[in-house]
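This report covers the internal cavities, the surface pockets and a part of the sheet and helix packing. The structure under discussion is shown below.

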Amino acid sequence: MIEGYDTLLRNGTVVDPANGVHEIRDIALRDGKIVEVAPTIAGGARREHDLTGLLVMPGIVDMHVHLSPFLGGGCGHRMLALAGVTTALDMAGPIEGVVDLAASHGCGLSIACVNYLRPGHTIASADPGRGDIDEALSHALRQGAIGLKLLGGHYPLTADATAQAIAAAAGQGAYAAFHAGTQSAGSNIEGMREACELSAGHPLHLAHINSYCRGQIHDAVAEGEEALRLLAAHPHIRSESYLAPFNGVSGECIDGVPGSRLAAFGLERGGYPATAEGMAEAILAGWALVNLERDGVIELVGGSAGLAAWRACGSLIGISFRANPPEPRLRLVTATRPDGRFAVDALATDGGGIPRNDIVARGLALVHLDALSLDGFVRKASLHPARILGLRDKGHLGVGADADISVLDLERRRPVLTYAHGQRLLDGEEVVGRGGRLITTPMGEAAVRAAGLDALIVQPGTMLKSPQ
């Protein structure tokens with residue numbers, strides 16, 4: 001027994017599938033690590049919690065969020081902490097903005113970032129050569145990113161450039177994420193099929209599988225089944241899906257039209273023209289909901305208040321449409337393969353600063369309906385995403401693991417306490433964590449530390465492995 005613990009968590013129902021634990025245990029924390037897990041731990045600590053009747057699980061890892069000036073903003077850190085998350089992957093960047101916001105708005109979370117490839121921003125055109133892609137990747141890694149994100153659904157590249165970017169990331173052992181869609185195929189089930197082909201066997205994170213099953217090409221249920229067949233046929237692809245009905249896009253209009261292809265689609269689906277005037281009409285009518293900051297969090301707001309906020313920002317603000325049918329959302333989260341493994345690796349949110357950080361609320365609803373077991377929920381919300389990100393000391397509660405812990409009230413379906421690296425982040429309804437760390441590669445360590453953040457190093461080639 002180690003004397004002088006920092007924290008003792010007592011009497012909670014510990015669910016840790018990586019270590020085969022599902023029973024009442026005490027957990028002791030010291031120096032940011034888990035140092036003992038036992039039915040009863042003698043001795044005391046500077047802080048103790050009686051967690052009788054509560055679920056204790058490895059810290060929630062949300063592997064699809066937005067925490068940058070481009071999308072999400074600094075509020076996302078507090079919103080993730082309130083949602084019980086301890087680790088998250090920003091899925092766009094720009095990396096410089098993610099680092100700055102983590103330094104100024106951090107709540108103790110561990111954050112990783114994949115930097116976007118966007119014509120006119122990080123690359124010159126929609127058809128960059130391999131040299132330009134390699135340069136953009138190297139810049140992103142030096143600034144602290146772990147890899148690249150292809151924003152195909154919003155700002156598509158050519159199919160050839162997309163394939164080159166995936167191959168470039170694989171060549172350096174970097175992370176590659178893709179919102180399916182190129183100049184040849186849209187952000188739909190056809191785009192997903194093309195994405196699988198363009199990956200050419202290279203490791204790839206294919207984002208929010210549910211978003212390709214909105215009934216744009218075929219019936220939404222049939223598209224969901226096709227998505228499952230595609231994932232089964234391409235086992236090198238890692239994936240996640242989310243349960244919220246709302247999407248998230250940039251509301252930016254350029255030369256009188258939406259800059260994002262998906263923003264234009266959202267307007268047209270609601271019967272509005274894909275123009276700046278159509279966006280204003282849709283916001284006023286409540287079809288397009290503005291992501292508006294209020295009291296330190298972001299809410300979805302339509303009507304005159306939403307329109308005023310959109311105009312005040314010169315259209316540079318997030319917009320959400322009710323775009324996701326329920327049937328494929330539920331099917332993709334719960335589907336398993338013949339061997340019992342999950343078809344979609346992780347349950348994420350595409351949230352952060354977008355107000356749908358609902359892994360606990362919606363995920364535990366499925367547990368209550370017997371659609372997911374508690375072990376299955378923990379695998380999808382913590383263990384699998386941690387392994388995909390190459391974080392071997394997260395996603396489980398073994399001795400020596402990072403002291404990342406989420407404590408949940410099963411009946412109320414809400415988080416009540418979280419720790420990350422032994423630091424208390426959330427206690428009741430109060431966010432008490434400060435600072436945080438950026439997950440980066442050795443190339444980005446200097447930039448991360450120069451920004452005043454702790455650096456958590458993952459090695460190239462350890463990410464995007466099969467978690468199951």
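The second largest cavity of this predicted model has a volume of about 50 Å³. Its lining is formed by Arg 214, Asn 247, Leu 262, Phe 265, Gly 266, Arg 269, Trp 287, Phe 321, Arg 322 and Ala 323. Sorted by class, these lining residues are 5 nonpolar, 2 polar and 3 charged.

The count of cavities of 30 Å³ or more comes to 5. The largest cavity holds about 160 Å³ of space. Its lining consists of 21 residues, and those nearest the centre are His 154, His 179, His 208, Gly 248 and Asp 350. Strand E6 (60-66) and strand E13 are the elements that each contribute two or more residues to that lining. The class split for the largest cavity is 8 nonpolar, 9 polar and 4 charged residues.

Turning to the pockets, the largest contains about 350 Å³ of space. It is lined by 21 residues, with Pro 69, Gly 72, Leu 316, Ile 317 and Gly 318 closest to the pocket centre. Nonpolar and polar residues number 9 each in this lining, and 3 residues are charged.

For the second largest pocket, the volume is about 180 Å³. The residues lining it are Met 79, Leu 82, Ala 83, Val 297, Pro 355, Arg 356, Asn 357, Asp 358, Ala 361 and Arg 362. Helix H1 (75-82) and helix H11 (359-368) are the elements that give two or more residues to this pocket. Its lining comprises 6 nonpolar, 1 polar and 3 charged residues.

The volumes and lining classes are collected here.

| Site | Volume | Lining by class |
|---|---|---|
| Largest pocket | about 350 Å³ | 9 nonpolar, 9 polar, 3 charged residues |
| Second largest pocket | about 180 Å³ | 6 nonpolar, 1 polar, 3 charged residues |
| Largest cavity | about 160 Å³ | 8 nonpolar, 9 polar, 4 charged residues |
| Second largest cavity | about 50 Å³ | 5 nonpolar, 2 polar, 3 charged residues |

Strand E13, which contributes to the lining of the largest cavity, also belongs to an open sheet of 4 strands. The strand order is E13-E18-E16-E17, and the pairing is antiparallel. Strand E13 (249-250) and strand E17 (297-301) are the edge strands, each with a single partner, so one side of each has no neighbour in the sheet. The antiparallel connection between E13 and strand E18 (residues 318-320) is made by 2 bridges. In this pairing, Ser 250 is placed opposite Gly 318 of E18. Gly 318 is also among the residues closest to the centre of the largest pocket.

Helices pack on this sheet as well. Helix H1, a contributor to the second largest pocket, lies across strand E16 (289-294) and E17, and runs at about 95° to E17. Helix H9 (residues 303-312) touches E16, E17 and E18, with its direction at about 80° to that of E16.

H9 also packs with helix H8 (residues 276-285), at an angle of about 145° and with the two axes 7 Å apart. On the H8 side the contact involves Ala 276, Met 279, Ala 280, Ile 283 and Leu 284. On the H9 side it involves Gly 303, Ser 304, Gly 306, Leu 307, Trp 310 and Arg 311. The contact residues of the two helices comprise 7 nonpolar, 3 polar and 1 charged.

Note on methods:
Residues are numbered from 1 along each chain as its sequence is written. This is a predicted model: local features need pLDDT of at least 70, side-chain atom pairs count only at pLDDT 80 or more; totals for chains, interfaces and linings use all residues. Side-chain values use heavy atoms; hydrogens and water are left out. On a 1 Å grid over the protein atoms alone, a cavity is a set of points where a 1.4 Å probe fits but cannot get out, and a pocket is an open set with protein on both sides within 12 Å along at least five of seven lines; lining residues have an atom within 4 Å of a point. Grid points are joined across faces, edges and corners, and a volume is the space filled by probe spheres set on the points. Ala, Val, Leu, Ile, Met, Phe, Trp, Tyr, Cys and Pro count as nonpolar, Asp, Glu, Lys and Arg as charged, and the others, Gly among them, as polar. Two strands pair if DSSP finds at least two bridges between them. Contact means heavy atoms within 4.5 Å. Axes are lines fitted to C-alpha atoms, for helices over the stretch in contact, and angles run from 0 to 180 degrees between N-to-C directions.
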